[in-house]
Amino acid sequence: MAREDRVKKFVKRILGKLIFQWKHKTSMELFSAAELAELCVRARELFWADPIYLQLKAPLNVLGDIHGQFDDLLAMFDIRGWPLTDDEFREISELLALEADEMTKLSKSQSKSVIPLQAVPSRSVAGADTDEETEEGKFKRYLFLGDYVDRGAYSMEVVILLCALKLAHPTRVFLLRGNHESRSVNGQYGFYREVVYRYDAQLYECFQNMFNVLPFCAIIEGAIMCMHGGISGDLHDFDQFSAYQRPVEVSDTGVLADLTWADPEPSILEYAPSPRGVSYLFGRTALRAFLKKHNLRLVVRGHQVVQDGYEFFDDRRLVTIFSAPNYCGQNDNTAVILSVDKKLNLSMTLYRPEKRDKEKFAKERKKK
């Protein structure tokens, strides 16, 4: 089998297991450490080949923080539409069925007991209106703003699925780096413990090496700048990005720290120290100067939990989006998918998996 065909089959197998076979109880049985290490290495090569800031075309769907909430990521793909066509879903399903059949035959020939294999369920590209159409069918294109890991229970699955989708279709899925895609953060807030408990520290290093080459921001049609954190007063020209050499760890100051850590603050005009202890806060005057300097219309960023899934700032010059609903099981927030059409009009798809009793929720918070 040719190397390219083997890689395609490898990626399809990973996608198939996550999309069709993944369950909470069997999550640790789907992949070997060697498979995931190979996925990280291949994804790393692909991310590294991209520039540190991306120039993307619309239409595009943009998601904020996911934080290991894998069930919700699957549900949002089901609602808005997958970056896969119906034919591609069918190919993945057929590959799983064929390999399951081969395993059954092999086991029978060796006279071993076989655990009955479940039939591969169907899945559709679904979604609302179509973003892109090809000869093979219809699919959606996505940009993710970072913070794939920590807090939630299935950070590994979130990263594995998004990396596999990127490898399968590099022009349909784009990933940016968040502040949690750094060793200093995810080593403390859950991802390290998750990987080491389920596999080992060596695999954690594979994930971290991949995170260290992720892009930091994206510009949609030269008008909408997207990042995880916020603007940087130290970014004078986008040519500055050519000076940064990846792999790179994010420091506490500078352009890369600002893109992953900075927050808007309505009570100030310019810049002020951040209570996070990294980067800073910025006000509406600073934002307007940044937009004017770089000839931009809008900033789209994540990094903060917002109650309704999205929150505008400074007369809609900036919007914060968050895509982890009921965050950590302690917040009563909605998730959002922001869609940018070809004319750069914005629309929001809201996702709320469970309507919580707000009175009960308030009592729970008081107890804590």
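Which residues have the most contacts inside the largest nonpolar core? In this predicted model, they are Leu73, Phe144, Leu161 and Phe207, and the core they belong to has 60 residues. Helix 5, spanning residues 155-168, gives the most to this core, with 10 residues. Leu73 shows how such a residue is surrounded: leaving out residues up to four places away in sequence, it touches Leu63, Ile66, Phe144, Val158, Leu161 and Leu162. Apart from this core lies another, of 31 residues, with Phe241, Leu256, Trp261 and Phe282 among them. As a general background, nonpolar side chains tend to be buried together in soluble globular proteins.

**Aromatic rings and charges**

Let's turn to the rings. The whole structure holds 19 aromatic pairs. One of them joins Tyr271 and Tyr280: the ring centres are 4.7 Å apart and the planes stand at 75°, so this pair is edge-to-face. Tyr271 is partly exposed, because its relative accessibility is 36%, while Tyr280 counts as buried at 15%. Tyr310 and Phe312 make an edge-to-face pair as well, with 5.9 Å from centre to centre and 75° between the planes. Here Tyr310 is partly exposed at 29% relative accessibility, and Phe312 is partly exposed at 25%.

Phe312 has a further partner, since the charged end of Arg316 sits over its ring, 4.3 Å from the centre. Elsewhere, Arg172 lies over the face of Phe139, at 3.8 Å from the ring centre. Ring pairs also link Phe20, Phe77, Trp82, Phe89, Tyr142 and Phe144 into a cluster. Phe144 thus appears in this cluster and in the list of core residues with the most contacts.

**Helix 7 and its two sides**

Which residues of helix 7 are buried? In this helix, residues 191-198, they are Phe191, Glu194, Val195 and Arg198. These residues cover an arc of only 90° around the axis, so they fall on the same side of helix 7. Arg193 and Tyr197, on the other side of the helix, are exposed. The cover over the buried residues of helix 7 includes helix 5, helix 6 (183-186) and helix 8 (201-211).

**Loops with backbone features worth a look**

Four loop residues are good places to pause while you browse the structure. The table gives the backbone value for each.

| Residue or bond | Backbone value |
|---|---|
| Ala58 to Pro59 | cis, omega near 5° |
| Arg246 to Pro247 | cis, omega near 5° |
| His303 | positive phi of about 80° |
| Asp314 | positive phi near 55° |

Pro59 is placed in the loop between strand 1 (53-56) and strand 2 (60-63). Pro247 is in the loop between strand 8 (224-227) and helix 9 (255-261). His303 is not a glycine, yet its phi is positive; its loop runs between strand 12 (298-301) and strand 13 (310-313). His303 is buried, because its relative accessibility is 7%. Asp314, likewise a residue other than glycine, is found in the loop between strand 13 and strand 14 (318-321). With a relative accessible area of 12%, Asp314 is buried.

**An annotated stretch**

Finally, a note from the records. An unreviewed UniProt entry lists residues 176-181 for "domain: Serine/threonine specific protein phosphatases". Over residues 176-181 the model has 0% helix and 0% strand, and the C-alpha atoms at the ends are 9 Å apart.

Terms used. Residues are numbered from 1 along each chain as its sequence is written. This is a predicted model: local features need pLDDT of at least 70, side-chain atom pairs count only at pLDDT 80 or more; totals for chains, interfaces and linings use all residues. Side-chain values use heavy atoms; hydrogens and water are left out. UniProt positions are given in the numbering used here, feature names are shortened, and annotations may be inferred rather than shown by experiment. Helices (H or I, at least four residues) and strands (E, at least two) are DSSP runs, numbered from the N terminus. Rings of Phe, Tyr and Trp (its six-membered ring) pair if their centres lie within 6.5 Å; planes under 30 degrees apart count as stacked, over 60 as edge-to-face and the rest as tilted. Buried means under 20% relative accessible area, exposed over 50%, partly exposed in between (1.4 Å probe, protein chains only). A charge sits over a ring if NZ of Lys or CZ of Arg is within 6 Å of the ring centre and within 35 degrees of the ring normal. A nonpolar core is a set of buried Ala, Val, Leu, Ile, Met, Phe, Trp, Tyr and Cys residues joined through side-chain atoms within 4.5 Å. Contact means heavy atoms within 4.5 Å. The arc is that of the directions from the helix axis to the C-beta atoms.
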